[in-house]
Amino acid sequence: MVYIAIILGCIIGAVIGNYAPIISYTYSEYLAIAIIAALDTIFGGVVASIKKNFNMGVFISGFLGNAIISMLLTYLGSRLNVDIYLAAIFVFVGRIFLNLGEIRRYYLKKITDAMSSKKDKKRGKQTKK
């Protein structure tokens, strides 16, 4: 279910992106931080679904909460003339890499388990002969 939502979101985003107006430079920081916060939430949702503890309420609240807090940090930083949004980017990108690492390990384990069970079946057939 989550994978279908991710694929649908990517398709809708690509279609809208082709017809959307160009974002001005003044709002580009806000859009960048919102996209990174969204990616962090999406990869966290994938990891939660892999671990079989996905909760749509937690996903939506994390998505909105991360995006809103990160954009507020960006706004505060622009008012103070300090690049506070870089701290949010650092945290979100770090979490994205951690989640990607967990996803990679899960699928690598799944592939190696499938390969080893395939080898065990071949060995079983050879010993029966």
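In which helix is the place of L64? In this predicted model, L64 lies in helix α3. With a relative accessibility of 47%, L64 counts as partly exposed, because that class covers values between 20% and 50%. L64 also belongs to a nonpolar patch on the surface, where it is joined by M56, I60, F63, I68 and L72. The area of this patch is about 550 Å².

From the surface, the reader may turn to the interior. The largest nonpolar core consists of six residues, namely I33, I36, A37, A88, F92 and I96. Helices α2 and α4 each supply at least two residues of this core. One member, I36, may serve as an example: when its neighbours within four places in sequence are left aside, I36 is in contact with I89, F92, V93 and I96. Of these partners, F92 and I96 are listed in the core as well.

The charged residues come next. Side chains of opposite charge can pair when their charged atoms come close. In this model, the count of salt bridges comes to three.

One of them joins the side chains of R95 and D40, with a distance of 2.4 Å from N to O. This pair links distant parts of the chain, since R95 belongs to helix α4 (residues 85-128) and D40 to helix α2 (residues 25-50), 55 residues apart. The surroundings of the two partners can be described by their accessibility. R95 has a relative accessible area of 36% and is partly exposed, whereas D40, at 2%, counts as buried, because buried means under 20%.

Another salt bridge is formed by the side chains of K51 and E102, at 3.0 Å from N to O. Here too the pair links distant parts of the chain: K51 is in the loop between α2 and α3, E102 is in helix α4, and 51 residues separate them. E102 is partly exposed, its relative accessible area being 28%.

The remaining pair brings the reader to a single helix. The side chains of D113 and K109 meet in a salt bridge of 3.0 Å, again from N to O. Because D113 and K109 are four residues apart in helix α4, about one helical turn separates them. How exposed is each partner? D113 has a relative accessible area of 38% and is partly exposed, while K109, at 51%, is exposed. The value for K109 places it in the exposed class because that class begins over 50%.

How values were computed
Residues are numbered from 1 along each chain as its sequence is written. This is a predicted model: local features need pLDDT of at least 70, side-chain atom pairs count only at pLDDT 80 or more; totals for chains, interfaces and linings use all residues. Side-chain values use heavy atoms; hydrogens and water are left out. A salt bridge is a side-chain nitrogen of Lys or Arg within 4 Å of a carboxyl oxygen of Asp or Glu. Buried means under 20% relative accessible area, exposed over 50%, partly exposed in between (1.4 Å probe, protein chains only). Patches are made of residues with over 30% relative accessible area and no salt bridge: like charges are joined within 9 Å, nonpolar side chains (Val, Leu, Ile, Met, Phe, Trp, Tyr) within 5 Å. Accessible areas come from the Shrake-Rupley method with a 1.4 Å probe; for residues, only the protein chains shown count as cover. A nonpolar core is a set of buried Ala, Val, Leu, Ile, Met, Phe, Trp, Tyr and Cys residues joined through side-chain atoms within 4.5 Å. Contact means heavy atoms within 4.5 Å.
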